[in-house]
Structures are given as structure tokens and as C-alpha cells.
Amino acid sequence: DGTKIEDLIKVDTREVQMRALSDHEIYDLEMQRVFGHSWLLLGHETEIPAENDFIVRDMGSDSVIVARGKNDQISVSLNVCPHRGMKISTVDAGNTPIHKCIYHGWAFRPNGDFLASPVEKECMHGTMMSKAELSLEQARVTLYGGLIFATWDHEGESFEDFLGDAKWYFDILFQRSDKGLEVLGPPQRFVVRANWKTAGEQSAADGFHTLTLHRWLGEVGNYAKSGQEGGADLSPEMIGVEVSSPHGHALRCIDLGRKIRKLTGLDPDVLSVDQKLDALPPPGVTREMVPQLKRKLSEDQLKVLVSMPPQVGGIFPNVLFAFVYIPQSDGTVLGLTLLHAYVPKGPDQLEFVNWVLAEKDTPQELKEKMLRQSIQLFGTSGMVEQDDSDTWPHMTTAAKGARGRKSTLKYQAVYATGAPEGWPGPGIVNEGFTKDDTQWHWWLHWHELMLANA
Ligand code: FES
């Protein structure tokens with residue numbers, strides 16, 4: 001309708017035009033300009049532990065084969081046959097030394113190298129291309145805490161630069177143990193009829209919605225039973241330190257002492273670092289693993305971990321992480337580590353992918369409990385994310401309306417506090433009750449990529 005990309009965002013009033021959530025043209029552009037240039041989460045290396053294991057995932061609107069080849073090398077190949085464009089792998093996962101296209105039989109190695117075609121002499125007669133040119137297009141790949149990230153931008157910034165200041169905090173979560181993390185079972189996946197950005201911007205540490213949409217969390221079950229500070233009132237959970245990033249990443253850090261008092265009844269003020277880690281350990285971390293944490297993390301990172309650890313946030317553009325503590329009926333507390341990716345499947349559809357992660361050293365019995373409770377809460381038929389999955393489609397539909405598309409999303413709750421005194425971490429840091437800053441930075445980065453990669 002003539003609106004320029006520049007005008008989708010009003011910086012002075014912190015508004016975003018709602019048509020950004022529904023327009024086909026914008027979707028097509030962001031597949032190139034945002035998803036074509038960002039590092040994207042595809043899975044975890046423990047999903048493909050053996051040579052020739054593979055999973056099929058999406059990078060924006062493109063299907064890719066993520067495979068472990070020789071020498072433990074993980075490759076990400078465009079899942080499009082260079083012959084006539086057939087999708088090469090039509091399954092979700094498997095193990096094979098050869099990926100063979102079912103159309104005319106061209107065959108490829110797990111690393112995407114062209115291997116051969118049937119009746120090659122006749123089929124390839126007079127070919128003008130080398131085998132290297134007939135190989136599958138490769139994405140640039142990196143592993144971070146075993147998480148597999150890839151980008152199509154071979155000349156773009158390193159993964160480290162992409163994380164920027166947020167890496168200091170993410171390392172506390174994903175790089176704190178000797179053996180690292182593993183996924184528990186395959187990810188749960190389901191489709192939501194909503195634009196990916198409805199979930200993407202929420203993943204940038206939206207706190208306000210928890211107070212209303214997930215209010216029941218404070219009203220039912222064990223969570224409410226543990227509510228010694230006012231039962232259904234979740235607002236204390238929204239007080240903490242929020243970190244925004246010029247790259248669109250976001251974190252909310254929550255007072256661990258308050259949680260220790262609430263969930264265990266202990267007085268955090270008299271506890272040592274070790275006692276705090278013992279009282280409410282990071283998810284899956286056992287007493288035996290505490291020395292690893294002290295070795296892997298800097299003194300300042302450890303200080304944040306035992307005082308104001310990151311609890312929820314996002315990795316731009318479409319990943320949410322959450323560290324959740326669930327009170328158990330026997331009085332203990334179970335910590336869970338979750339990662340969600342909101343994979344675009346068209347302007348009004350996303351695939352919700354939910355990974356449950358644990359430290360490799362977490363005892364097996366505890367891993368099974370973590371997986372069970374994660375599925376009950378966050379899986380396809382879970383309780384928490386189903387609230388969101390009902391909200392996002394309504395926003396997407398509203399953004400298609402003749403008037404609705406011209407309405408705006410508003411991010412006008414602004415921090416003016418700055419970091420708490422002595423805060424050791426980098427980034428754009430603010431303390432207090434949650435605001436809109438983290439999500440606003442998410443939109444600013446989206447806008448920057450939409451303009452920069454034209
Ligand atoms: Fe794949 Fe022809 S399209 S072999």
C-alpha cells in the first residue's frame with residue numbers, strides 16, 4: 001500500500017506498524033534480509049551423535065540437511081537438488097552415508113559433496129559443470145555449547161560478534177560445564193497459525209504478558225502452593241535486571257535470593273556461594289558439578305549466577321530460552337532448561353520447536369523427570385505455551401484487517417534506571433520492574449537488517 005520499510009517503525013514514539021506482522025512482501029524481504037544474514041539455531045549436536053546421522057531443519061524459508069560427516073564435521077546443506085530442484089531429504093531425521101534424490105537419483109555425501117548420478121556417462125555427457133559445482137550449497141556453521149547455528153552470510157560477522165555483549169551472559173548458561181549440554185529426546189514441534197514475529201518479539205524478554213496471560217501459574221498446583229509471597233501475584237518475578245542488545249538479543253535476570261527464600265524457605269543472606277548453588281542449583285547441575293562452574297566461569301559471571309542469574313530471554317531473531325524452577329509435591333524444586341525456535345512457515349504460520357536440554361552429567365533419573373515435566377508444561381499438549389499459541393494467531397489476523405494493519409504495536413514503557421551499582425556484566429543494562437526496552441531493541445535490529453541488506 002505504498003508504506004516504505006523506513007516508515008514501518010516510528011522511532012520517536014516507539015511504535016511498529018501492524019502490517020509488519022501480515023504482509024507477504026515484508027515476509028519475502030525478511031527471509032532474504034533477516035534470515036539470509038543472521039545466525040540461526042538449527043538444533044544440538046547430540047541430536048546427531050553418530051557419523052552419517054542427519055536432521056532436516058529450516059533456515060528461514062529454506063529446508064536444510066544438518067549432518068555429521070567424517071571427522072565429526074557437522075555440515076548444513078541446502079536441501080534442494082541442484083539438478084531440477086527436488087527436495088533431497090523428505091524425512092525429518094535418519095542415518096545415511098549417501099543422500100539420494102528420488103527424482104533422477106543424483107547422490108550426495110553427508111557434507112553435501114556431489115557423489116554420482118545413475119547412468120552417469122550418459123546423464124552427465126557434455127556437462128558444463130564440475131562435481132564441485134554440482135554439490136549442495138553450504139551454509140556457514142558454528143557450534144556453541146553444542147548448539148548448531150548456521151548462516152548463509154559467508155562474509156558476515158562471526159558468531160561471537162553476532163552475540164556481542166550478550167555472549168558474556170549466554171556463556172553462563174551454555175558454557176559452564178566440562179561436558180556441556182545434551183538434548184533430551186527429539187524436539188517437540190507443532191504449527192501455530194501466526195506470523196513468526198509475534199513470537200519472536202515476545203522472546204525478547206516480554207515480561208508483562210506473564211502477569212496476565214500466564215496468571216494461572218500463580219493460582220494452581222505446586223507453583224501456587226509455594227507462593228509464600230502472595231500466591232497468585234507474579235509481579236515480583238518481573239523485578240530484576242534486563243539486558244538489551246543492539247543485535248536484538250535479550251535477557252531478564254531474576255533475584256536468586258528471593259527465589260531461594262520463596263522455594264526453599266532458606267535465608268539467602270546467610271548462605272555462601274556453594275550453599276546457594278546447593279539450595280537452588282542451575283537446572284541439572286549437581287553438587288559434584290559445582291567445581292566445574294567455578295572453573296569455567298569468571299568470578300563476575302559466577303557472581304551473577306548466584307545473585308541475579310538470567311532466567312528468560314532470546315537470541316535474535318527467533319529463539320527463546322527459559323530456565324524454569326518447578327516446585328515438586330515432595331518439597332524439592334526441579335530446574336528445567338528450554339529452548340524454543342519459532343520457524344517461519346509463511347507470513348501467517350510458524351513452527352514451534354521445543355528442545356529440552358540438560359547437562360550431560362545430570363543423573364539419568366533426573367533427566368527423565370526433566371523431560372516429562374517439560375513436555376507436560378511446554379510440549380504440544382502442554383500448559384504454558386498453549387496460552388501464547390492462542391494469542392499470536394489473533395495478532396496475526398488483526399494485522400490483516402484494513403484498519404488493523406495501520407494500527408501500531410507500542411513499546412513505550414521505557415527504562416530510565418541504568419544498571420544496579422556494581423553490576424559486573426556488559427550490555428545495555430537496566431534494573432527494576434520489566435519494561436519494553438528489550439523488545440524495542442529486537443525491533444530496531446530487525447528494522448536495521450531490513451534496511452541494510454536491501
Ligand atoms: Fe534431483 Fe533430478 S531433481 S536428480
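# A tour of the chain, from overall fold to single residues

Begin with the whole chain in cartoon view: its secondary structure amounts to 14 helices and 22 strands. The radius of gyration is 23 Å, close to the 22 Å that the globule rule gives for 454 residues, so the chain is as compact as a globular protein of that length. This is a predicted model.

Keep the whole chain selected and turn it along its principal axes: the C-alpha atoms fill a box of roughly 80 × 55 × 40 Å. Switch on the surface next. The accessible surface comes to about 19,200 Å², and carbon and sulfur atoms hold 51% of that. Of the 454 residues, 57% count as buried. If contacts are displayed, consider those with a separation of 6 or more: 65% of them are between residues 24 or more positions apart.

**Stop 1: the four-stranded sheet**

Select strands 6, 5, 4 and 7, which form an open sheet in that order with antiparallel pairing. Which strands are at the edges? They are strand 6 (74–78) and strand 7 (93–95), each of which pairs on one side only. On average, neighbouring strands of this sheet are turned by 30 degrees against each other, direction ignored.

Now narrow the selection to residues 62–68, which are strand 5, together with strand 6; the two pair in the antiparallel sense over five bridges. To find one position in this pairing, pick Ala67, whose bridge partner in strand 6 is Ser75. With side chains shown, keep in mind that in a regular strand they alternate between the two faces of the sheet.

**Stop 2: a hairpin**

Move to residues 140–144 (strand 11) and residues 147–151 (strand 12), an antiparallel pair joined over five bridges. Pick Thr142 and look across to strand 12, where its bridge partner is Phe149. Then centre on the turn: two residues lie between the strands of this hairpin, and Gly145 takes a positive phi near 55 degrees.

**Stop 3: helix 5**

Select residues 196–203. Is this helix mostly covered or mostly open? Helix 5 is mostly covered, with eight of its eight residues buried. Colour by residue type to see that the buried set includes Trp196, Lys197, Glu201 and Gln202. An α-helix has 3.6 residues a turn, so residues three or four places apart point the same way.

Finish at the two ends of the helix. At the N-terminal end, Asn195 acts as the cap: one of its side-chain oxygens lies 2.9 Å from the backbone nitrogen of Lys197. After helix 5 comes Ala205, which has a positive phi near 65 degrees.

Notes:
Residues numbered from 1 in each chain as written. Predicted model: local features only at pLDDT ≥ 70, side-chain atom pairs only at ≥ 80, totals over all residues. Heavy atoms only, no water. Buried < 20%, exposed > 50% of the residue type's maximum accessible area, 1.4 Å probe, protein only. Polar contact = N/O pair within 3.5 Å; in protein donor to acceptor, adjacent residues only side chain to side chain. Pairing = 2+ DSSP bridges. Axes fitted to C-alpha atoms, helices over the stretch in contact; angles between N-to-C directions. Rg over C-alpha atoms; globule rule 2.2 N^0.38 Å. Contact = heavy atoms within 4.5 Å. Areas by Shrake-Rupley, 256 points an atom, 1.4 Å probe, with all protein chains shown as cover.
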